[in-house]
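Trainee: Got a minute? I'd like to go through this structure with you.
Mentor: Sure, put it up.

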Amino acid sequence: MSEPVDGPTRALPVTWRPRNIRIVAYGLAVVTLVTMVVLAVVLPADWRLQDRVGLVMMGLVGVAALHLLARPRLTATETRVTVVNGIRTHVLEWPEIIDVRMPVGEPWPSIDLADGSTLAVMGIQSNDGRLAQTNLAEFRALLHERGEAEEPER
């Protein structure tokens with residue numbers, strides 16, 4: 001999608017997070033929780049305390065679900081890469097990663113692993129536009145710097 005970054009790469013550790021989805025998810029989380037609390041306060045007097053607490057608890061469940069949408073990140077350290085996607089966290093060593101690619105139209109990049117599988121990297125999202133391209137180029141540069149094994153001597 002974009003060329004690797006020329007020159008020195010960023011100092012490690014570095015963490016990439018999507019921008020737009022975090023703004024939307026946490027914004028909706030605040031609106032959801034405030035709405036449920038206000039509803040619990042202004043309900044008619046014939047609503048019991050457990051009904052009001054139930055409304056706030058439903059708001060908290062909504063906040064938790066929205067947090068799962070905003071949670072993804074990609075962290076690179078000297079020795080490993082951590083991919084956090086919604087619910088699951090994957091910790092990989094640099095040599096386990098063969099390549100990273102994000103074809104046009106894909107929502108996030110995929111990492112090709114040495115065992116033949118692929119792993120989605122939701123920490124970089126294409127709807128962030130230029131930021132996503134920059135983050136992908138930075139990660140790709142780090143991958144080429146750290147992930148490639150040295151050729152054996154002959």
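Mentor: We'll start with the whole chain, then take the strands and the charged pairs.

Trainee: What kind of model is it?
Mentor: It is a predicted model. The mean pLDDT of the protein chain is 89. 88% of the residues reach 70 or more.

Trainee: Where is the pLDDT below 50?
Mentor: Over residues 1-8. Beyond near neighbours in sequence, that stretch has 13 contacts in the model.

Trainee: How many helices and strands are there?
Mentor: The chain has 3 helices and 7 strands. From the N terminus the order is β-α-α-β-β-β-β-β-β-α.

Trainee: How much of the chain is buried?
Mentor: Of the 154 residues, 34% count as buried. The exposed area is about 9,400 Å². Carbon and sulfur atoms supply 60% of that area.

Trainee: And what share of the contacts is long-range in sequence?
Mentor: Take the contacts with a separation of 6 or more. Residues 24 or more positions apart account for 53% of them.

Trainee: On to strand 3. Which residues is it, and how many are buried?
Mentor: Strand 3 is residues 80-85, and 5 of its 6 residues are buried.

Trainee: Which way do strand 2 and strand 3 run?
Mentor: Antiparallel, with 4 bridges joining them. Strand 2 covers residues 73-76. Ala76 stands opposite Val81 in strand 3. The two strands form a hairpin with 3 residues between them.

Trainee: What about strand 3 and strand 4?
Mentor: They run antiparallel as well, joined by 6 bridges. Strand 4 is residues 88-93. Asn85 stands opposite Arg88 there. This hairpin has 2 residues between the strands.

Trainee: What does Gly86 do in that hairpin?
Mentor: Gly86 takes a positive phi near 50 degrees.

Trainee: Change of topic. How many salt bridges does the structure hold?
Mentor: It holds 4. One of them joins the side chains of Glu93 and Arg80, at 3.5 Å from N to O. Glu93 lies in strand 4 and Arg80 in strand 3, so the pair ties together parts 13 residues apart in sequence.

Trainee: How exposed are Glu93 and Arg80?
Mentor: Glu93 is partly exposed, with a relative accessible area of 32%. Arg80 is partly exposed too, at 36%.

Trainee: What does Asp112 pair with?
Mentor: The side chains of Asp112 and Arg101 meet in a salt bridge, 3.2 Å from N to O. Asp112 is in strand 6, residues 110-113, and Arg101 is in strand 5, residues 97-101. They are 11 residues apart.

Trainee: Is Asp112 buried or exposed?
Mentor: Asp112 has 18% relative accessibility, so it counts as buried. The cut-off is under 20%. Arg101, at 36%, counts as partly exposed.

Trainee: And which residue does Arg146 bridge to?
Mentor: Glu145, with the closest N and O atoms 3.6 Å apart. Salt bridges that share partners join Glu78, Glu145 and Arg146 into one network. Arg146 is partly exposed at 27%, and Glu145 at 46%.

Trainee: Last one, Asp128. Where does it lie?
Mentor: In the loop between strand 7 (118-120) and helix 3 (130-146). Asp128 is buried yet has no salt bridge.

Trainee: Why no salt bridge with Arg19?
Mentor: Arg19 is the nearest side chain of opposite charge, but it is 4.5 Å away. A salt bridge needs the nitrogen within 4 Å of a carboxyl oxygen, so this pair does not count. Arg19 is still in contact with Asp128, as are Pro18 and Asn20, leaving aside neighbours within four places in sequence.

Methods
Residues numbered from 1 in each chain as written. Predicted model: local features only at pLDDT ≥ 70, side-chain atom pairs only at ≥ 80, totals over all residues. Heavy atoms only, no water. Buried < 20%, exposed > 50% of the residue type's maximum accessible area, 1.4 Å probe, protein only. Pairing = 2+ DSSP bridges. Contact = heavy atoms within 4.5 Å. Areas by Shrake-Rupley, 256 points an atom, 1.4 Å probe, with all protein chains shown as cover. pLDDT = per-residue confidence, 0-100. Lys, Arg positive; Asp, Glu negative; His and termini not counted.
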